[in-house]
Amino acid sequence: MSPRNGDWHRRRVLCVLLAAPTAALAGCQGLVPGQGPPPDLYRLTAATRFPEGLPTVSWQLLVEPPVAPGGLNTTRIALLHSPMQLEYYAHSDWADRVPPLVQALIVQSFENSNRIKAVGRDAIDLRADYVLKAELRDFQAEYFHGGAPVAHVGLNAKLVALPRRVIVASAHFDQTAEARADRVEDVVSAFNVALSRVLEGLVAWTLKSGEADRTAT
């Protein structure tokens, strides 16, 4: 390459970088390892205590992943400083996206109840009598109540009979729990309390609703 051609090549590269500085910077950052430590990962636990007198049922249940809005369909731990502004904790994530995380805990909670013949995720080949559909309305820490943050879990549920594809019951479950302090570890503990209460109610309601439908039909 002649010096004149080399000067032209350098000018051309400079023009490309000036024309797209953001893309160039992003590409350079992607090539640099070690941009910071990975986020801390947190998990939650299934419900283990349930109301007395629950029926023991002979039917089988499929649990679908809960539907969630885009802001909650993530591994990030959501928080609200006001009812209209969704944010996330820095460097702290759930161990899975929220919908499959909650789905797994619903299944485990039914198994912990020892009151149902079979329960599983919708992905397995289970010949089910009912499908449990859920929608997560709330799954965030709230800072606008005054005092320590409050973990808020809200879930709508529908029980669908198969093969009729008929909704036989629907309900809303909503629980809150105040964290002991404004630390991520304490907020996660509050999430665990609120979600456990929701799961306890969900299991009891599902067993009673399904059994009532079986008796009626």
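## Helix packing, strand pairing and local backbone features

Helix α3 passes helix α4 in a right-handed crossing, in a structure that is a predicted model. The two helices, α3 spanning residues 98–113 and α4 spanning residues 184–216, pack at an angle of about 60°, and their axes lie 10 Å apart; α3 and α4 are therefore oblique to each other. On the α3 side the contact is made by L105, I106, S109, F110 and S113, while α4 contributes L195, L199, L202, V203, T206 and L207. Sorted by character, the residues of this contact between α3 and α4 comprise eight that are nonpolar and three that are polar, with no charged residue.

Turning to the strands, β3 takes part in the two pairings set out below.

| Strand | Partner strand | Direction | Bridges |
|---|---|---|---|
| β3 (residues 76–82) | β4 (residues 85–94) | antiparallel | five |
| β3 | β6 (residues 130–142) | parallel | two |

The connection from β3 to β4 is a hairpin, made through two residues. Residue L80 can be followed into both pairings, for it stands opposite L86 in β4, and in β6 the bridge partner of L80 is E142.

Strand β6 also appears in the account of the aromatic residues, of which the structure holds six pairs. In one of these pairs, the rings of W59 and Y130 have their centres 4.9 Å apart and their planes at 65°, and because planes over 60 degrees apart count as edge-to-face, the pair belongs to that class. This pair links distant parts of the chain, since W59 lies in strand β2 (residues 57–63) and Y130 lies in strand β6, with their positions 71 residues apart in numbering.

Two backbone features deserve a separate word. Most residues other than glycine have a negative phi, and most peptide bonds are trans. Against that background, H91, which is found in strand β4, has a positive phi of about 60° although it is not a glycine. The peptide bond from L162 to P163, for its part, is cis, with omega near 0°; P163 has its place in the loop between β7 (150–161) and β8 (166–178).

Taken together, strand β4 both pairs with β3 in the antiparallel sense and contains H91, while strand β6 pairs with β3 in the parallel sense and carries Y130, the partner of W59 from strand β2.

Definitions and conventions. Residues are numbered from 1 along each chain as its sequence is written. This is a predicted model: local features need pLDDT of at least 70, side-chain atom pairs count only at pLDDT 80 or more; totals for chains, interfaces and linings use all residues. Side-chain values use heavy atoms; hydrogens and water are left out. Two strands pair if DSSP finds at least two bridges between them. Helices (H or I, at least four residues) and strands (E, at least two) are DSSP runs, numbered from the N terminus. Axes are lines fitted to C-alpha atoms, for helices over the stretch in contact, and angles run from 0 to 180 degrees between N-to-C directions. Angles under 35 degrees count as roughly parallel, over 145 as roughly antiparallel, 65 to 115 as roughly perpendicular and the rest as oblique. A crossing is left-handed if the near helix is turned anticlockwise from the far one by less than a right angle, and right-handed if clockwise. Contact means heavy atoms within 4.5 Å. Ala, Val, Leu, Ile, Met, Phe, Trp, Tyr, Cys and Pro count as nonpolar, Asp, Glu, Lys and Arg as charged, and the others, Gly among them, as polar. Rings of Phe, Tyr and Trp (its six-membered ring) pair if their centres lie within 6.5 Å; planes under 30 degrees apart count as stacked, over 60 as edge-to-face and the rest as tilted.
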